[in-house]
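Please look over the structure shown below before reading on. The paragraphs that follow explain selected parts of it in turn.

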Amino acid sequence: MPIITIEKNYLDLFSEYLYKNMGIYIEDSKKNLLAQKLAKLMQEAGIENAGEYYHFIVSPPISERQKELKNKFIDTITVHKTNFFRENNHFEFIQRNISEIIETSQSAKFTNELRIWSSACSTGEEAYTLAMLCKEILPANVRPKILATDISPDSIRKAMEGIYKFGPEDNITNYYINKYFTKNGTQWAISDEIKNCVTFRLFNLVEPFPFKNPFDIIFCRNVMIYFDKIVQEKLVGNFYNVLGKKGFLFIGHSESLIQIKHQFTYHEPTVYRKN
Amino acid sequence: MATNDQKLLTFSLGEEGYGVSILKVKEIIGMLEITPVPKTPEFIKGVINLRGKIIPIMDLRIKFGMEQQQYDERTCIIVVEIDFKGVQKLLGVVVDMVSEVVTVSDDQIEPPPEYGKTAEHNFILGIGKIKERVVIILDIEEVFSCEEVLKMLENNSQTIKE
Amino acid sequence: MFNGFSKSQIGFRIILSILFVELISLASGVIMGLNIKSPTIIAACLLTIIISQLIAWFISENVKKSVRNVLSELAETSENLGSLSNELTVTGRKLADGSTEQAASIQETSSTLEESSSMIHQTTQNTKEAEILAKQTKQSADNGNVEMQTMLEAMEELKKSSTEISKIIRVIDEIAFQTNILSLNAAVEAARAGDAGKGFAVVAEEVRNLAQRSAQAAKDTAGIIESNISLSEKCLDISNQVSKSLEGINNDTHKVSELLEEISTASQEQEIGINQINKAISQMEHVLQGNALTAQESASSAEHLNTYSNTLKKIKEELTYLVDGGKEVEKRIIPTISREVEVKKEIKSQKLEVKIKPEIKSVPKVEEVKPKTEVKQKVEPIKLKTEEIKPKVEEVKKVKAEEVKSKAEEVKSKTEEAVEPKAEIKPEKEETKVEEKPKTEEAEKPKLELKPQIQPKPVVKKPLPKDTDKSVRPEDIIPLDDF
């Protein structure tokens with residue numbers, strides 16, 4: 001049986017496909033890694049020819065198997081690093097400033113909702129963290145309405161299941177575990193109370209934003225590191241448009257809007273605010 | 001020209017304008033060094049030597065009881081001829097500034113106010129109205145017809161030699 | 001174990017000797033029956049046959065016992081093989097999951113670092129630019145200072161000449177005053193001359209007008225010059241202040257320049273550092289991706305192993321049936337086994353060819369790789385063992401069949417052959433047992449659920465992602481309209 005090799009031109013085609021369809025920019029130094037991932041995917045799919053696999057992924061899915069493999073492709077190519085209370089100072093920031101956030105929120109005023117969008121929720125930890133935080137700090141008359149989206153169907157599926165294992169890298173305290181989770185063997189299931197605060201949807205951030213109402217808070221952390229400046233600028237512009245007046249945008253700790261054009265007002269590191 | 005025209009030399013003391021018949025004026029000079037003369041009234045500043053003639057100098061401001069002022073480049077001495085016991089004598093009058101020579105007709109001159117016609121005030125010949133301005137026309141001989149000046153003239157002033 | 005093997009060996013020897021005795025008795029019976037036709041002899045022959053049949057029965061029972069022993073060994077081995085492969089599956093899965101998770105973490109770290117790196121790079125560039133600008137500013141301030149000095153001198157000159165002009169103007173004014181007085185005197189003289197002096201009076205008046213205009217002009221000029229002088233004095237003051245400010249700017253920009261140089265150096269160093277970290281991280285990234293892949297492979301290898309252990313169990317069952325039931329089923333079994341072994345060989349070669357293995361060699365520092373390679377190596381002896389067991393089982397089956405048929409010649413030759421593999425099996429089995437121990441310890445840890453594949457036919461491809469929950473299909477059900 002031959003070794004699975006991905007020819008350079010197919011590697012470039014895959015890169016181009018990823019950039020055009022998901023905004024994921026793969027620089028030349030990372031193409032090796034992409035090749036590794038593709039080899040794994042192809043082996044799992046039982047496809048030896050890179051061209052065949054490329055067309056299989058790129059063409060619109062017609063069979064259930066093709067759909068599954070495409071999902072697997074997206075899931076493997078994208079990175080799903082996430083934890084409960086990851087980069088906790090953002091949650092602390094919300095806790096500190098909650099009264100001002102509610103005061104400036106239009107939806108809190110008119111529909112008694114605080115609208116939050118976890119725009120790359122992966123397996124749901126960030127969205128559930130926000131939901132738990134809201135349960136703790138929101139006044140009784142304001143309900144959290146959290147939208148959580150991701151590009152990977154497999155991740156969304158796991159997020160909707162809401163079953164987790166807690167490892168040493170999870171920042172979650174026993175207080176939250178005991179209050180909002182129930183033990184299920186070696187795993188923990190998030191409570192329905194929290195689940196009901198979060199709506200999970202499949203959404204590709206490079207597509208046009210379809211939202212009807214403005215958000216008060218948007219989380220887009222450690223996503224733009226996979227995009228190039230052009231896609232970042234467009235995305236940040238779109239975030240600005242769907243945020244309400246004085247709404248907050250939170251980005252990852254290594255990220256900054258310094259190098260791109262945007263309308264946000266810098267609030268503190270990794271926290272930006274609409275005027 | 002129908003009436004009797006006369007020429008006046010106008011000068012000023014402070015804000016007020018004064019006039020004196022040009023026929024009484026011998027000459028106008030800038031300020032010269034005045035040699036004080038002891039035991040004379042305050043308004044007699046002293047004497048000058050004008051081209052060899054000793055002329056007594058009177059300060060009209062002091063004479064009129066006005067505030068004294070530092071002499072400057074505008075201060076002038078009007079040398080007038082005074083008839084003293086039939087003899088023409090020269091006398092220098094210090095004024096703030098000489099203005100001009102004007103011709104006035106009688107109808108431009110009004111008599112001095114009646115209430116001022118005391119012995120002290122009969123040195124005013126009339127009030128002239130020249131170009132919106134008021135000029136007090138002085139009888140310069142009368143201004144200085146006092147004991148001290150007469151004594152001074154008798155002793156120090158030189159007789160004009162015609 | 002050792003004891004069991006020696007027993008079965010003794011069993012074989014007994015079978016051989018009994019068969020030999022039987023042969024002799026049969027032969028002697030035939031000879032006797034042919035040559036001596038007496039009833040006594042016939043009775044003796046019959047007795048001999050009965051005795052030999054009894055002996056044969058006794059021997060066959062003995063053989064059955066031996067085969068059962070072998071079968072129980074086989075059962076035990078396949079049981080061990082089964083649990084071992086289960087453990088291997090679990091370990092492999094856990095390793096695969098861990099590696100995938102770690103790979104994701106590393107990949108995110110790598111991207112994060114790249115972002116930091118690009119920001120630091122930007123900072124370096126900006127600092128360098130700022131440094132150049134600071135130097136330019138310093139130069140400009142220096143130039144400004146020099147120009148200011150020149151201007152100060154010019155101002156001083158201007159002031160001096162203004163003062164000169166002022167003096168001249170005063171002279172002009174003086175002259176105008178004198179002229180005025182002269183004109184007045186002329187007017188006085190003209191007046192005294194009466195009518196004769198009238199013309200002269202006009203001239204005197206004109207002279208006086210000119211004198212007054214001169215005086216006015218001089219006065220105006222004096223005013224202008226006066227303000228010029230005060231302006232140039234002001235200018236001098238301001239210029240002095242500007243000069244001082246420029247001096248200050250000069251000093252400050254020098255400091256700024258120094259600081260920027262430090263920042264520039266620091267951020268350059270940072271950049272180099274971050275780049276090195278980045279390189280290391282991306283190496284780790286590659287290794288981890290490889291690990292994830294290899295771990296997954298060993299998991300699936302273990303799954304295949306499980307299949308083989310199940311096959312072994314089945315063989316044992318069929319053998320038991322043979323021994324106890326005595327029906328011919330080999331035709332069904334043997335092709336199954338040999339096909340499976342072929343498939344297994346295929347898979348093995350496929351596994352070995354996947355390019356990840358050399359990559360692990362190239363980056364040996366990563367600890368996690370080790371269990372995987374061990375697992376792979378351990379798979380080998382197990383495979384050997386199963387391969388070795390197969391001929392043995394075949395032989396045993398054949399012996400049984402032949403014994404039933406009582407074909408002495410074939411049995412003899414077969415038994416001679418059968419001795420050979422037996423000698424090999426003995427140490428092999430020992431070795432496998434010893435090797436199992438550490439594996440079992442290692443396999444204690446995993447708690448993951450495992451899905452052993454029980455189908456007799458090995459599944460090479462995994463067609464579906466494992467945790468597909470059909471009840472949740474977000475891409476099918478929900479549009480984003482409600483937000």
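Helices are DSSP runs of H or I with at least four residues, numbered from the N terminus. In this predicted model, helix α3 of chain C covers residues 198–325, and Ser264(C) has its place there. Is Ser264(C) buried or exposed? A residue is called buried when its relative accessible area is under 20%. Ser264(C) has a relative accessibility of 4%, and therefore counts as buried. Leaving aside residues up to four places away in sequence, Ser264(C) touches Thr124(C), Thr127(C), Lys128(C) and Glu131(C).

The account now turns to chain A. Chain A contains twelve helices and ten strands. Of its 275 residues, 59% are buried. Among the contacts in chain A with a separation of 6 or more, 74% join residues 24 or more positions apart. The accessible surface of chain A amounts to about 11,800 Å², and carbon and sulfur atoms account for 50% of that area.

The interior may be considered next. The largest nonpolar core comprises 57 residues, and those with the most contacts inside it are Tyr53(A), Phe73(A), Trp117(A), Phe211(A), Phe239(A) and Leu249(A). Several elements of chain A each supply at least two residues of this core, including α1 (8–22), α4 (64–77), β7 (215–220) and α12 (229–242). The largest share, seven residues, is provided by α2(A). Why does this core lie between domain 1 and domain 2 of chain A? Domain 1 (8–77) and domain 2 (89–273) both give residues to the core, so it lies between them. Phe211(A), one of the residues with the most contacts inside this core, touches Trp117(A), Leu147(A), Phe203(A) and Val242(A), as well as Leu480(C) and Phe483(C), when residues up to four places away in sequence are not counted. Apart from this core lies another, of 43 residues, among them Phe85(A), Ala108(A), Cys134(A) and Ile137(A).

A sheet in chain A completes the account. Strands of a sheet pair through backbone hydrogen bonds, in either a parallel or an antiparallel manner. In chain A, an open sheet of three strands follows the order β3-β5-β4, with antiparallel pairing. Strands β3 (163–164) and β4 (181–184) of chain A stand at the edges; each has a single partner strand, so one side of each is left without a neighbour in the sheet. Two bridges join β3(A) to strand β5 (residues 187–190) of chain A in the antiparallel sense. Tyr164(A) has Trp188(A) as its bridge partner in β5(A).

Note on methods:
Residues are numbered from 1 along each chain as its sequence is written. Chains are lettered from A and ligands numbered from 1 in the order in which they are written. This is a predicted model: local features need pLDDT of at least 70, side-chain atom pairs count only at pLDDT 80 or more; totals for chains, interfaces and linings use all residues. Side-chain values use heavy atoms; hydrogens and water are left out. Two strands pair if DSSP finds at least two bridges between them. Buried means under 20% relative accessible area, exposed over 50%, partly exposed in between (1.4 Å probe, protein chains only). Contact means heavy atoms within 4.5 Å. Accessible areas come from the Shrake-Rupley method with a 1.4 Å probe; for residues, only the protein chains shown count as cover. A nonpolar core is a set of buried Ala, Val, Leu, Ile, Met, Phe, Trp, Tyr and Cys residues joined through side-chain atoms within 4.5 Å. Domain bounds come from an automatic or database domain assignment.
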